[in-house]
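Subject: Structure for you to look at

Hi,

Here is the structure I promised to pass on. Please open it alongside this message.

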Amino acid sequence: MTPAGTVARPRQWQRFSLPERIMRSAFYLLVIIAVVWSLRTIEIIPEFLYDAPQQTGDLFARMWPIDWSWYPKVVHRALMETLHTATLGTILAVILAGLVSLMVARNITRSVVLNAVGRFILVATRSVHTMVWALFFVALFGPGALAGLLAIAVHSIGFTGKFLAEAIEEAKPGPIEALVAAGASPLAILIKGYWPQVKPAFLAIATFRWDINVRESAVLGLVGGGGLGMALDTALNNLYWDQVGLVLVVIFAVVIVTEIVTAWIRNRII
Amino acid sequence: MSALPHGQPPRVAFPPNWPARLGMVVLVLYVAYASTILDLTWNRFVVGLQQGGKFLARMFPPDFAHDKVSLLLIGMTESLQIAIVATVIGIFLSLPLGLAAARNLAPRPLAWTARALIAVFRSLHPIIVAILFVKAVGFGALAGILALIVASLGFLSKLVAESVEEMSMKPVEAVRATGSRLLSVITMSVLPQVIPRFIGFAAYQLDSNLRNSALVGIVGGGGIGATLFTAFQRFDYDFVLTIVLAIIAIVMVGEIVSGWMRRMFQ
């Protein structure tokens with residue numbers, strides 16, 4: 001014992017507790033192992049890499065000059081098809097997601113089982129990619145816009161429904177209680193109590209999803225979903241790279257324009 | 001009792017909203033018009049649903065035969081590797097690109113160039129990038145990795161740039177006042193503010209790359225997507241179901257892991 005007894009070591013300040021540090025180190029170790037394992041076992045053919053610059057140069061050389069004359073013949077129609085597919089798909093998705101979100105929102109459906117079923121629908125539709133849904137619907141309905149539209153709609157349910165359900169759950173109970181006290185029917189409560197509160201979120205979600213869906217529907221045709229992707233697939237299979245270039249330019253332009261349009265809608269309306 | 005003043009109509013609790021009604025009519029008309037453009041007919045839908053029955057019957061039960069499961073495992077492993085490698089490289093590249101795009105740190109021309117680059121990356125669908133890379137580096141996992149790196153760069157760099165622009169400039173000024181070099185300013189004042197949020201984004205990106213790695217295979221980018229597309233083309237629908245179930249399972253596991261990661265670092 002030191003005579004003073006109070007001169008202890010200066011207190012050590014630590015940001016994380018010992019278990020936290022162990023967890024973090026374990027996590028870093030896990031990441032390193034995963035990366036090393038992936039890099040060592042993944043199959044990369046180095047011979048393909050040597051001529052990558054030439055191949056890339058060749059790619060752009062073949063695309064140029066872009067074959068604009070193909071636009072009025074095929075691409076315009078495909079572009080319209082893509083836009084309509086995305087829009088109709090979003091409308092259908094919003095309707096379906098609205099129903100599911102009513103089922104998921106705990107302040108509307110007071111049944112744990114139904115909530116869970118709704119949540120499962122949201123997760124399952126979201127986990128399967130639009131392209132995979134498109135493969136399914138092409139097998140069902142044959143190639144074309146119908147398959148693409150349903151793929152877009154079904155995949156969007158998960159995303160749209162999740163945010164809609166959150167918006168419904170955040171609705172203030174005041175107006176609802178007032179309507180209940182006035183003896184309003186359940187439908188009237190939904191339309192006059194919840195809808196005005198959910199509407200801004202609803203519009204924001206719908207436009208945001210429409211933006212995503214335009215991008216998605218532009219490539220759905222690669223698996224038979226109609227639209228620009230179909231034109232792209234045709235051009236790729238024919239090795240008409242100048243037409244591929246045209247479709248890529250059109251897709252790029254459409255994506256930029258939808259981004260501007262949705263930004264404008266967000267600023268003006270919502 | 002009837003104290004309503006003369007000449008004024010009685011107030012209606014919920015007056016009809018004519019613009020909204022007009023909007024609904026326009027919407028219905030648009031749906032009808034677009035449906036004819038897309039050649040959507042009820043008949044086709046019904047025929048499809050009937051086919052759906054046959055289709056589902058061929059999908060059940062999912063095929064867990066030995067050779068199929070080994071194909072599935074090979075594809076899944078490759079997809080997982082593509083996702084991991086693409087996410088890690090994407091994370092390392094997105095930090096400098098995001099810093100370059102932050103308008104409060106980078107000089108103006110550099111910031112605008114970086115922003116334009118990010119905008120291009122973001123607007124290209126991973127599938128399209130994958131097509132271009134398949135042409136450039138050939139079929140296989142490498143094309144998939146490169147395509148997903150581009151997708152990760154678009155998403156992560158934008159978020160890095162945004163969080164750098166939102167951060168407090170005080171630590172930056174303090175470190176600059178000591179006469180530090182640019183690198184020290186970044187590591188000592190910028191990164192400590194940005195990294196906690198960045199890990200959340202990175203976890204989300206791993207998630208998203210896992211989903212997309214199931215996709216790039218359709219155009220030749222390797223992984224489970226290639227297996228899935230082949231199974232579809234061979235009408236091997238029971239194997240298709242196995243693959244789809246496996247994809248859902250791995251995406252859900254990925255979601256759990258990334259949620260766990262986010263909680264640990266925030």
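Below is what I found, starting with the core and ending with the contact between the chains.

Please keep in mind that this is a predicted model.

The core: the largest nonpolar core has 144 residues. Those with the most contacts inside it include A:Ala134, A:Phe137 and A:Val247 from chain A, as well as B:Ala130, B:Phe133, B:Ala147 and B:Ile243 from chain B. Helix 6 of chain B (residues 141-166) provides the largest share of this core, 16 residues. Both domain 1 (18-51) and domain 2 (68-265) of chain B contribute at least three residues each to this core. If you want a place to zoom in, try B:Phe133: leaving aside residues up to four places away in sequence, B:Phe133 touches B:Ala143, B:Leu146 and B:Ala147.

Helix 2 of chain B: is this helix buried or largely in the open? Of its 18 residues, the number buried is zero, so helix 2 of chain B lies largely in the open. Its length also checks out: at 1.5 Å a residue, the helix (residues 42-59) should span 26 Å, and the 25 Å between its end C-alpha atoms agrees with that.

The contact between the chains: chain A puts in 50 residues and chain B 42. On the side of chain B that touches chain A, helices 1, 2, 3, 5, 6, 9 and 10 of chain B each supply at least two residues. Helix 5 of chain B gives the most, with seven residues. By type, this side of chain B comprises 29 nonpolar, eight polar and five charged residues.

Happy browsing, and best wishes!

Terms used. Residues are numbered from 1 along each chain as its sequence is written. Chains are lettered from A and ligands numbered from 1 in the order in which they are written. This is a predicted model: local features need pLDDT of at least 70, side-chain atom pairs count only at pLDDT 80 or more; totals for chains, interfaces and linings use all residues. A nonpolar core is a set of buried Ala, Val, Leu, Ile, Met, Phe, Trp, Tyr and Cys residues joined through C-beta atoms within 7 Å. A residue is buried if 20 or more other C-beta atoms lie within 10 Å of its own, exposed if 12 or fewer, and partly exposed in between; C-beta atoms are placed from the backbone. Helices (H or I, at least four residues) and strands (E, at least two) are DSSP runs, numbered from the N terminus. Domain bounds come from an automatic or database domain assignment. Two residues are in contact if their C-beta atoms, placed from the backbone, lie within 7 Å. The expected span of a helix is 1.5 Å times one less than its number of residues. Ala, Val, Leu, Ile, Met, Phe, Trp, Tyr, Cys and Pro count as nonpolar, Asp, Glu, Lys and Arg as charged, and the others, Gly among them, as polar.
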